[in-house]
Amino acid sequence: MKQRIISGAVIAVVTIAAVLLSGYFFDAVMILLAFQACREVIMVRKNEKFSYPLFGLMFISLMIMIFLSDYRNYVIILLPVILGGIAVFDEKLSFEHVGLIYFLTGLIGYGLSFMRMLEYYDMFLLGALFVVCYLTDTFAYFTGMKFGKHKLNERISPKKTIEGSVVGWIIGSVCTFIWCFVFNLLNPGMIVCCIVLPVVSQIGDLIFSMIKRHFDIKDFSNFIPGHGGILDRYDSILTTAVVFGVIFMLFV
C-alpha cells in the first residue's frame with residue numbers, strides 16, 4: 001500500500017507539472033505515455049517474443065496521431081492493411097493480436113491526441129478530464145467496498161458494484177460541474193460532458209479489464225509500482241478523452 005501511495009503521488013506531481021508547464025514538457029510526457037503503452041500492447045501475449053517491427057509500427061502511428069493530427073484518420077484507414085500484410089507473412093502473429101493492436105492504436109492515439117487538443121485550448125479543460133476520471137473511479141471503488149451488494153459485471157470485474165458505479169457517476173458529475181463553473185467553462189457541451197463522461201470513464205475501466213481477462217494477465221506491466229502499467233492507470237482517462245474530444249469538437 002505504501003508503494004502504491006508513493007507511486008500515486010509521483011503520478012499526480014508529473015500530471016500536474018505536465019498540465020501547468022505545457023509545451024515541450026507536456027509533449028515529452030505524451031511521448032513517454034505512448035512509448036510505454038506500445039510496449040504493453042505488444043507484450044500482452046504471454047510467452048511470446050517481443051516484436052520490434054510491430055512496436056515500431058504502433059509507435060510511429062501514435063506519433064502521427066498525436067503530433068500530426070490532420071493525418072490521424074489516414075493512420076486508422078491504412079493500419080489494417082499494413083497489419084494484415086504483416087500477419088500474412090508472420091505465422092506466429094495471431095489474428096486476435098492484430099485486432100488488439102489496431103483497436104488500441106485507435107483508442108490510445110485518439111485519446112492522447114484529444115488530450116493534447118484540450119490542453120492547447122485550455123489547461124482547465126484537461127483538468128476537467130482528470131477530475132471526472134479520478135473522482136468517479138475513487139468514489140466508485142470505496143463506495144463499492146463499503147456498501148456494494150450488487151455486482152456490476154462479475155464476468156469482467158467481480159469487485160465492481162452497481163452501488164459504487166452510481167455513486168461514482170453522481171460524484172464525478174457534480175464535481176466536474178463545479179470545476180467547470182469555477183473556471184468558467186460551462187456551456188451546453190460541457191454540461192453534456194458532466195453527465196456522460198463519468199459513465200464513459202467506468203466503461204473504459206471495464207474495457208481494459210476485459211482485455212486483461214481475455215489474455216489472462218493481472219496487469220499490463222509493472223511500470224508503475226503498485227499500480228501496474230500505463231494502461232492500467234490511464235485506461236479510463238484514454239477512453240474518456242476520446243468521447244470528451246468528440247463532444248468538444250461538436251460544440252466548440
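Between which two helices does the loop that holds Asp216 lie? Asp216 sits in the loop between α8 and α9, the latter covering residues 230-233. The model examined here is predicted. In it, Asp216 is not a glycine, yet its phi is positive, at about 55°. Asp216 counts as exposed because its relative accessibility is 56%, and the cut-off for exposed is over 50%.

Asp216 follows helix α8. This helix runs over residues 188-214 and has 27 residues. From its first C-alpha to its last, α8 reaches 38 Å. The span expected at 1.5 Å a residue is 39 Å, and the two values are close. The helix is bent, however: α8 turns by about 40° at Val196. A proline, Pro198, follows Val196 within four residues. At the start of α8, Asn187 makes a contact through its side chain. A side-chain oxygen of Asn187 comes to within 2.9 Å of the backbone nitrogen of Gly189.

A positive phi also occurs at Ser22, another residue that is not a glycine. Its phi is about 50°. Ser22 is placed in the loop between α1 and α2. Is Ser22 buried, exposed or partly exposed? Its relative accessible area is 22%, so Ser22 is partly exposed; buried would require a value under 20%.

The helices on either side of that loop are α1, residues 2-21, and α2, residues 23-42. Helix α2 has 20 residues, which should span 28 Å at 1.5 Å a residue. Its end C-alpha atoms are 29 Å apart, so the span agrees with the expected one. Many side chains of α2 can be listed as buried, among them Phe26, Val29, Met30, Leu33 and Ala34. The buried set also includes Asp27, Gln36 and Glu40. Towards the end of the helix, Ala37, Cys38, Val41 and Ile42 are buried as well.

Both helices contribute to a pocket. The second largest pocket has a volume of about 270 Å³. It is lined by 19 residues, and those closest to its centre are Ile11, Val14, Leu33, Ile230 and Tyr234. Leu33 is thus both a buried residue of α2 and one of the residues closest to the pocket centre. α1 and α2 each supply at least two residues of the lining. Which helix gives the most? The largest share comes from α1, with seven residues. What is the class make-up of the lining? It has 17 nonpolar residues and two polar ones, and no charged residue takes part.

Beyond α2, Lys49 occupies the loop between α2 and α3, the latter spanning residues 52-67. Lys49 counts as exposed because its relative accessibility is 77%. Lys49 and Val174 are 125 residues apart along the chain. Their C-alpha atoms are separated by 46 Å.

Helix α6, residues 123-147, holds Phe130 and Val131. Phe130 has a relative accessibility of 9% and therefore counts as buried. Val131, at 16%, also counts as buried, since the cut-off is under 20%. How far apart are the C-alpha atoms of Phe130 and Ser236? The separation is 9.7 Å, although their positions lie 106 residues apart along the chain. Val131 was paired with Glu96, at a sequence distance of 35 residues. In space, the C-alpha atoms of Val131 and Glu96 are 34 Å apart.

Note on methods
Residues are numbered from 1 along each chain as its sequence is written. This is a predicted model: local features need pLDDT of at least 70, side-chain atom pairs count only at pLDDT 80 or more; totals for chains, interfaces and linings use all residues. Side-chain values use heavy atoms; hydrogens and water are left out. On a 1 Å grid over the protein atoms alone, a cavity is a set of points where a 1.4 Å probe fits but cannot get out, and a pocket is an open set with protein on both sides within 12 Å along at least five of seven lines; lining residues have an atom within 4 Å of a point. Grid points are joined across faces, edges and corners, and a volume is the space filled by probe spheres set on the points. Ala, Val, Leu, Ile, Met, Phe, Trp, Tyr, Cys and Pro count as nonpolar, Asp, Glu, Lys and Arg as charged, and the others, Gly among them, as polar. The expected span of a helix is 1.5 Å times one less than its number of residues. Buried means under 20% relative accessible area, exposed over 50%, partly exposed in between (1.4 Å probe, protein chains only). The bend at a residue is the angle between axes fitted to the seven residues ending there and the seven starting there. A polar contact is a pair of N or O atoms within 3.5 Å; within protein, one must be able to donate a hydrogen and the other to accept it, and residues adjacent in sequence count only if both atoms are side-chain atoms.
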